[in-house]
Amino acid sequence: MQFDDDADLDTSEVEDERGSRIPGGRATIGGGIAGLIALVLGLLFGVGPDELGLSSGNPEPAATSSSVSQVEQSCKKGRDANAREDCRLVAVVNSTQDFWREEFTRRGGRYTPASTRFFTGRVNTACGAATSAVGPFYCPADRRVYLDLGFFDDLRTKFGASGGPFGQAYVVAHEYGHHIQNLTGTLQKARGGQPGANSDAVKVELQADCYAGVWAHNATRTPDESTGRPLITTLTDQDIRDGLDAAAAVGDDRIQEKFQGRVTPESWTHGSARQRQQWFYQGYRTGDMARCDTFR
């Protein structure tokens with residue numbers, strides 16, 4: 001995955017709170033078994049901490065930071081995205097929102113942007129307080145994607161994904177798929193429902209995978225506002241394989257087999273490895289969000 005060296009990165013779409021502290025705060029999730037269970041649930045990603053029952057119940061004091069954010073200082077151009085992981089994720093957020101903004105306009109709608117918040121350790125959200133163990137998630141109440149960049153090391157080392165820049169991009173695009181569902185009203189279908197292989201919760205997650213694929217299909221042809229050229233200039237077959245591999249690594253069946261030694265489809269919330277790959281590829285192959293109806 002390569003970015004246009006001369007494109008301007010829009011760091012206003014990313015709130016960088018890495019290195020911030022929560023004065024007087026306490027960890028929402030404990031260590032040991034509780035932390036491991038939270039990690040297993042969270043690394044399925046896509047679910048806010050309140051939905052996992054991991055919120056502390058009482059909002060903690062706001063995080064404070066003593067320095068200008070790293071991305072604001074370092075992520076200026078597409079060439080920075082080609083050189084740094086955090087700048088690359090800024091560029092992916094920019095590209096994803098460029099596409100959905102254009103797609104909503106094409107369909108006669110209006111896209112409302114969502115910011116991504118980088119954090120370290122723990123974070124406050126309108127969906128509750130959470131630690132990094134929850135994994136990447138989207139909070140519909142404040143329309144933000146939350147991401148501790150350390151998750152990508154866990155995805156590779158704990159869950160066996162091959163890694164690669166596009167594996168990371170798939171995760172971000174999946175979370176923005178939830179934002180699209182929030183804007184269209186689909187996300188409401190997953191709230192308060194029962195788990196299971198054919199549950200609405202699984203269908204919502206698979207649709208977010210499909211939307212990630214739709215963005216990937218269109219990424220190299222979506223113009224960036226700063227140049228009029230696509231921000232992402234190249235996506236290779238290996239990039240797409242990395243995305244498919246990341247999707248499989250966080251399949252319910254893969255995670256259950258690894259952490260509990262058996263597969264229990266009645267408790268699924270995100271779908272199997274094969275389903276997640278199939279729906280991501282469905283979006284990538286067609287490039288059409290109308291072909292992402294997992295509820296049909």
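## Sheet

An open sheet is built from four strands, ordered β2-β3-β7-β6, with mixed pairing. Its edges are taken by β2 (14-16) and β6 (137-139); each has a single partner strand, so one side of each is left without a neighbour in the sheet. On average, neighbouring strands of this sheet are turned by 25° against each other, direction ignored. The model is predicted.

## Pairing of β2 and β3

The edge strand β2 pairs with strand β3 (residues 115-118) in the parallel sense, over three bridges. Within this pairing, V14 stands opposite T116 in β3.

## Helices across the sheet

Two helices are described here by the strands they lie across. Helix α5, which spans residues 85-106, lies across β2, β3 and β7 (144-147). The direction of α5 is at about 165° to β3.

Helix α7, formed by residues 165-184, lies across β3, β6 and β7. Its direction is at about 25° to β6, an edge strand of the sheet. Both β3 and β7 are among the strands that α5 lies across, and they are also among those that α7 lies across.

## H178 in helix α7

H178 has its place in helix α7, the helix that lies across β3, β6 and β7. The relative accessibility of H178 is 1%, and the residue therefore counts as buried, the cut-off being under 20% relative accessible area. The side chain of H178 makes a polar contact with the side chain of Q181, at 2.8 Å.

Technical notes:
Residues are numbered from 1 along each chain as its sequence is written. This is a predicted model: local features need pLDDT of at least 70, side-chain atom pairs count only at pLDDT 80 or more; totals for chains, interfaces and linings use all residues. Side-chain values use heavy atoms; hydrogens and water are left out. Two strands pair if DSSP finds at least two bridges between them. Axes are lines fitted to C-alpha atoms, for helices over the stretch in contact, and angles run from 0 to 180 degrees between N-to-C directions. Contact means heavy atoms within 4.5 Å. Buried means under 20% relative accessible area, exposed over 50%, partly exposed in between (1.4 Å probe, protein chains only). A polar contact is a pair of N or O atoms within 3.5 Å; within protein, one must be able to donate a hydrogen and the other to accept it, and residues adjacent in sequence count only if both atoms are side-chain atoms.
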